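Dear colleague,

I am handing over the structure we spoke about, and below it you will find my notes on the ligand and the pockets.

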Amino acid sequence: MPSDASVPDRITALVESLYRRSPLRRDQVAIPGTATTLEIVRPVDIDALLDQVVDDPEQNLPYWAELWPSGIALATAIAHAPAQVRGLPVLELGSGLGITAAIALAAGADLIATDYAPESLLLTRANCLHHTGREPRTLRINWRDGGESVLAEAPGGFPVVLAADVLYERRDIEPLLALVDRIVAPGGMLWLAEPGRPPAATFLAEASRRGWTASTDRHDGPWPDPGDAGVVVAVHRLRRERSADRS
Ligand SMILES: C[S@@+](CC[C@H](N)C(=O)[O-])C[C@H]1O[C@@H](n2cnc3c(N)ncnc32)[C@H](O)[C@@H]1O
């Protein structure tokens with residue numbers, strides 16, 4: 001599909017390429033505290049996706065396919081402070097369905113969305129196109145692999161890195177600490193949204209020990225899935241030390 005094709009044609013091409021693998025649905029997702037509602041395309045059948053990865057030795061589960069309160073809370077935080085991303089190179093880790101990405105793009109971020117699932121990157125592009133008429137650049141990365149391809153995009157690091165609900169497995173704490181130490185520019189910000197899972201608490205304690213400072217606000221929805229009622233998401237704005245040595 002040429003990049004000068006109309007936005008609806010580009011969305012259709014992206015969605016059709018995924019639909020061949022997985023039936024899709026459209027959900028209306030309200031961003032709490034704003035007047036914005038996103039139309040989000042996502043897979044219908046998460047169980048079928050789980051069946052497809054049952055033999056994956058790394059057990060990389062299809063969490064990209066779901067609506068998570070953290071991604072929505074991070075979108076709200078960005079919508080309330082668009083000047084903090086506008087015109088800046090911004091990288092998102094674990095973009096999922098692209099809800100945070102769509103709001104960051106609408107706020108004027110020069111965004112690169114990353115995930116290890118190609119389906120996530122396709123849907124992030126489609127959902128961003130639908131909301132803004134533009135796509136972010138996307139990069140397929142596994143954050144356990146060191147982040148060389150991310151650094152190649154911004155050798156001095158990114159002034160803003162976004163991450164929503166990426167700390168749910170203990171094995172990811174150390175790789176993510178190492179990665180953000182490399183890819184957030186000195187003095188830059190990591191916006192981390194998390195719903196209180198223990199690996200996130202360990203990550204935050206270690207980041208503080210390494211000199212990152214944080215301010216936090218909390219979001220309580222409402223969330224699209226009634227099963228998430230009562231979930232409180234903390235959005236931490238973590239600043240990397242200005243004087244930190246880059247390794
Ligand atoms: C719980 S989902 C959150 C998605 C989105 N940020 C949100 O809040 O809606 C975690 C996301 O991280 C991605 N992910 C998990 N492990 C990863 C890894 N090692 N490298 C890159 N992406 C990963 C998943 O594919 C998924 O999109």
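Which helix gives the largest share of the lining of the largest pocket? That share, three residues, comes from H3, where helices are DSSP runs of H or I with at least four residues, numbered from the N terminus.

This is a predicted model, in which local features need pLDDT of at least 70 and side-chain atom pairs count only at pLDDT 80 or more, while totals for chains, interfaces and linings use all residues. Residues are numbered from 1 along each chain as its sequence is written, and side-chain values use heavy atoms, with hydrogens and water left out.

The ligand is surrounded by 15 residues (a heavy atom within 4 Å), and the closest are Gly94, Asp115, Asn142, Trp143 and Ala164. Among the polar contacts (pairs of N or O atoms within 3.5 Å), a side-chain N or O atom of aspartate 115 lies 2.5 Å from an oxygen atom of the ligand, and a backbone N or O atom of glycine 71 lies 3.1 Å from a ligand oxygen. Of the 590 Å² that the ligand exposes when taken alone, the protein buries 98% (Shrake-Rupley method, 1.4 Å probe).

The largest pocket has a volume of about 460 Å³, the space filled by probe spheres set on the grid points, which are joined across faces, edges and corners. A pocket here is an open set of points on a 1 Å grid over the protein atoms alone, where a 1.4 Å probe fits, with protein on both sides within 12 Å along at least five of seven lines; lining residues have an atom within 4 Å of a point.

With best regards

Methods. Polar contact = N/O pair within 3.5 Å; in protein donor to acceptor, adjacent residues only side chain to side chain. Helix = DSSP H or I, 4+ residues; strand = E, 2+ residues; numbered from the N terminus.
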